[in-house]
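Reader: Please show me the structure, and then allow me to ask on what grounds its features are named.

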Amino acid sequence: MICFAYSSLILWDPLIAKEPPNQITFTEGGVQKTFYRNSNLEAEFIEPSQANSSQNKGLGNLKVKGGWNLRQAGKPIFAKQQAKSSVPTKVTEVYNTGAGYGPNIVLPGIIIVTFKNDQSNESISKLAQKYKIVILQQFTPRIVSFQTEPGYLSVEIANELLSEGIVSEAYPDTAVEKVLK
């Protein structure tokens, strides 16, 4: 089990979510990328404190780490805890580079945006408010990362951002599980 660590995630309400698409497409660095949904896997976000707790001792060889952990669809990593917890579990879909094969891709809900010109903090804040996203990190006046919901919703928002005249590129960050040979 490979994990992906990201912090400061926005809670995603699965009750209002629609069914994830079977494929997603976005352009990064001028290259169009397409990924295909792996309906057999899901990614569950585990807080670092949960990963280090004594709850893991009963999981056998399953290596659970803080961050995104892959699991079989519909099977929570901590089954007993889910019934007791009032905190919603953060779960998202998993995609592959090819239909049914290749590395597993998890979209943790981070969008990287490159602007055509340097932007002021005010213009970046207005854009964040308009799309209901959170400024995560400003790398330069032209490159900013935003936090969104995890999964395909981040692709949809990234593609919507491209309609803004000040945006030259917007794409979701991906966490990749390498394929072992």
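Author: The questions that follow concern burial, contacts and nonpolar cores. This is a predicted model, in which local features need pLDDT of at least 70, side-chain atom pairs count only at pLDDT 80 or more, and totals for chains, interfaces and linings use all residues. Residues are numbered from 1 along each chain as its sequence is written, and side-chain values use heavy atoms, with hydrogens and water left out.

Reader: Why is Thr92 called buried?

Author: Thr92 has a relative accessible area of 2%. Buried means under 20%, exposed over 50% and partly exposed in between, with a 1.4 Å probe and protein chains only; Thr92 is therefore buried.

Reader: What makes the pair Thr92 and Glu93 a polar contact?

Author: Their side chains are joined at 3.2 Å. The term requires a pair of N or O atoms within 3.5 Å, one able to donate a hydrogen and the other to accept it within protein; residues adjacent in sequence count only if both atoms are side-chain atoms.

Reader: Why is Ile112 called buried?

Author: Ile112 is buried because its relative accessible area is 15%.

Reader: Which residues does Ile112 touch?

Author: Leaving out residues up to four places away in sequence, Ile112 touches Ile143, Val144, Ser145, Glu169, Ala170 and Tyr171, where contact means heavy atoms within 4.5 Å.

Reader: What makes a set of residues a nonpolar core?

Author: The members are buried Ala, Val, Leu, Ile, Met, Phe, Trp, Tyr and Cys residues joined through side-chain atoms within 4.5 Å. The largest has 15 residues, of which Val113, Phe146 and Leu161 touch the most other members.
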